[in-house]
Each structure stands twice: as structure tokens, then as C-alpha cells.
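Here's a quick briefing to read alongside the fold. Have the viewer open and follow the topics in turn.

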Amino acid sequence: MKELGNRCAAILGFICIIAGCLFPARCAFCESPDQYDKARQKMVLNQLKERDITDPKVLDVMGTVKRHLFISRRYRSQAYADHPLPIAEGQTISQPYIVALMTQILDVKPGERVLEIGTGSGYQAAVLSYFTDQVWSIEIRKDLARDATERLKALGYEKVEVKHGDGYFGWPEHAPFDAIIVTAAANHVAPPLIDQLKMGGRLLIPLGSTTYYQSLTKITKTPQGKEVEHLLGVAFVPMVGKILKE
Ligand code: SAH
């Protein structure tokens with residue numbers, strides 16, 4: 001009996017090797033959910049805790065959200081690696097550390113209203129949805145907006161609402177926001193986004209050159225105008241649309 005079991009395991013192993021060689025991105029036998037869970041916990045430990053992510057809730061959420069389900073099968077084996085990955089239309093899903101860091105800096109509290117510009121895969125919006133009741137997210141590329149909407153729905157992220165449009169104009173129907181996060185590089189801050197921030201609200205944006213590097217910048221709206229903090233150097237894909245015409 002034991003021998004039969006060993007033989008079955010050997011045959012299954014052989015099928016896996018062949019399937020893995022023929023269809024490297026599609027071998028269902030080779031993908032165990034367990035493997036992703038382990039990789040995700042390792043990512044939290046080595047890439048987040050080892051750096052400066054200290055907020056226990058951020059660590060917990062990063063250890064919960066299945067990042068591998070936000071990217072195509074082709075790149076899934078790298079889902080928890082320490083770098084950004086391609087998504088459709090030449091865009092990228094940010095490095096896990098950057099998602100965690102931006103979430104930690106934004107420091108969203110229950111009940112706060114959050115707007116994201118640049119839905120992409122929907123991953124950052126999904127992460128933010130653990131902190132409050134509703135996250136609104138705008139994506140300028142129609143297919144990405146549609147795919148992210150479907151993905152978030154299929155994965156049960158009902159608190160995230162995605163709209164196809166130019167994030168330059170914000171989402172006035174849901175304003176004012178406590179927090180706005182821009183996940184594409186901008187050469188200036190779109191004035192409607194400042195207008196749609198609550199007093200004391202914060203906006204996090206990669207600000208600088210849209211083709212090279214930016215400074216991750218936190219802007220807090222104050223009665224005197226705004227307070228600006230430059231936090232660290234980053235490299236995001238460019239924000240497009242009206243911002244480039246201004
Ligand atoms: N936050 C995403 C990654 C963002 S990549 C994630 O978690 O996967 C940047 C995204 O911003 C791209 O999908 C790009 O199409 C989008 N984008 C660029 N300019 C935009 C604009 N003006 N309004 C809304 N989205 C924009």
C-alpha cells in the first residue's frame with residue numbers, strides 16, 4: 001500500500017515537472033496556496049519588519065492580503081519579492097515595502113474617507129480598505145479600471161469603489177477626504193485634490209519628475225495653507241491626463 005502511495009507521488013511529481021516545463025505559468029499542481037502564505041509571511045518579516053514598518057495593523061494587513069491574486073499568473077511566483085512587478089498596459093504594482101510604508105504614513109483611522117488616484121491592480125486600495133469603511137479609487141486606463149473592479153469584487157473587497165476617469169479632478173461627489181494617496185508620479189499637485197481634502201487632511205504623492213525619480217511627499221492641509229514634508233526618494237510610473245497639460 002505504502003509502495004503504491006510512493007508510486008503515485010512519483011507519478012504526480014513527474015507530471016508536475018513536465019507541466020511546469022511546458023506551461024511554467026499555468027501548472028496548477030505546482031502552485032500551492034501554502035507556498036504563497038509562507039512567502040507572504042517571509043516578506044512581512046524580511047522586507048517590512050526589518051526595515052521601518054512598525055505599525056502592527058499595517059504588518060497584519062500586509063500579511064493578510066493575497067498580493068499574488070492581484071497580478072498575472074506569469075509573475076505570480078515573484079508576488080512577494082522585494083520589487084515592483086508589471087501589471088497590464090505597461091503599469092506596475094508597487095514593491096510591497098512601498099505599499100506598507102505609504103499605508104503607515106497615511107495612518108488611516110476607522111471612519112475616515114480615503115481617495116486613491118491610480119487604482120492599477122487594486123492592491124493598495126484593498127490594503128487601505130482594512131483601515132476604514134470606504135475607499136474610493138480612480139484609474140485612468142479603462143481596462144485596468146474594469147479588471148480591478150472585477151478583481152476586488154471577486155475577492156470580496158466590497159468597501160472599495162473604483163471609477164474610470166482622470167484622478168486629476170478627484171471625486172467631488174465623495175469629498176471631502178481625510179486622506180488622499182496618489183500612486184503615480186506627478187510633477188505638481190492637482191489643485192482639485194487639495195480642494196477636496198478636509199482641513200487637517202493629508203495627501204501623499206510621489207512628486208517630481210514623471211520620467212525619473214520623485215520625492216514621496218506628505219502634504220497636510222492647514223488653515224494657513226499647507227505643510228509639506230519630503231520623505232524619501234521613489235520611482236513611480238507617471239501620472240497622465242490633464243496633469244501633463246498643465
Ligand atoms: N496603486 C496601484 C499601482 C499604481 S500604478 C496598485 O496597487 O496596483 C499607477 C496607476 O496610475 C496606473 O494604473 C495608471 O494607469 C494610473 N494613472 C496614471 N495617471 C492617472 C490619472 N491621471 N488618474 C488616475 N489614474 C492614473
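Start with helix α6 (residues 142-154), which lies across β4 (134-139) and β5. The helix runs at about 160 degrees to β5. Keep in mind that this is a predicted model, with an average pLDDT of 90 for the protein.

**The sheet as a whole**

- Both β4 and β5 belong to an open sheet of seven strands, and the order to trace is β5-β4-β3-β6-β7-β8-β9.
- The pairing in this sheet is mixed.
- At the edges you'll find β5 (160-164) and β9 (225-234), each of which pairs on one side only.
- Going from one strand to the next, the twist averages 15 degrees.
- Helix α4 (residues 96-106) packs on the sheet too, where it touches β6, β7, β8 (214-222) and β9.
- The direction of α4 makes about 155 degrees with that of β6.

**Strand by strand, from β6 to β9**

- Strands β6 (residues 177-182) and β7 (residues 197-208) run parallel, joined by four bridges.
- To check the register here, look for Ile-180 opposite Leu-203 in β7, and for Ile-181 with its bridge partner Leu-204.
- Moving on to β7 and β8, the direction is antiparallel, with seven bridges joining the two strands.
- Leu-207 sits opposite Ser-215 of β8.
- The link between β7 and β8 is a hairpin, with five residues between the strands.
- The β8 and β9 pair is antiparallel as well, and has nine bridges.
- Within that pair, Ile-219 faces Val-228 in β9.
- Another hairpin takes the chain from β8 to β9, this one through two residues.

**Where α2 meets α4**

- Besides packing on the sheet, α4 has a helix partner: its axis and that of α2 (residues 33-49) come within 10 Å.
- How do the two helices cross? The angle is roughly 70 degrees, so α2 and α4 are roughly perpendicular to each other.
- The crossing of α2 and α4 is right-handed.
- On the α2 side the residues to pick out are Met-43, Gln-47 and Leu-48, which meet Pro-96, Tyr-97 and Ala-100 in α4.
- Sorted by type, the residues of this contact come out as five nonpolar and one polar, with no charged ones.

**Backbone details in the loops**

- Take a look at the peptide bond from Ala-175 to Pro-176: it is cis, with omega near 5 degrees.
- Pro-176 belongs to the loop between β5 and β6.
- Glu-89 isn't a glycine, yet it has a positive phi of about 60 degrees.
- You'll find Glu-89 in the loop between β1 (85-86) and β2 (92-93).

**How far to trust the coordinates**

- Across the protein, 87% of the residues score a pLDDT of at least 70.
- Which stretches stay under 50? Residues 1-5 do, and so do residues 12-29.
- For residues 1-5 the model has zero contacts beyond four places in sequence.
- For residues 12-29 there are twelve contacts beyond four places in sequence.
- Where pLDDT is low, the predicted coordinates shouldn't be read in detail.

Key:
Residues are numbered from 1 along each chain as its sequence is written. This is a predicted model: local features need pLDDT of at least 70, side-chain atom pairs count only at pLDDT 80 or more; totals for chains, interfaces and linings use all residues. Side-chain values use heavy atoms; hydrogens and water are left out. Two strands pair if DSSP finds at least two bridges between them. Axes are lines fitted to C-alpha atoms, for helices over the stretch in contact, and angles run from 0 to 180 degrees between N-to-C directions. Contact means heavy atoms within 4.5 Å. Angles under 35 degrees count as roughly parallel, over 145 as roughly antiparallel, 65 to 115 as roughly perpendicular and the rest as oblique. A crossing is left-handed if the near helix is turned anticlockwise from the far one by less than a right angle, and right-handed if clockwise. Ala, Val, Leu, Ile, Met, Phe, Trp, Tyr, Cys and Pro count as nonpolar, Asp, Glu, Lys and Arg as charged, and the others, Gly among them, as polar. pLDDT is the predictor's confidence in each residue, from 0 to 100.
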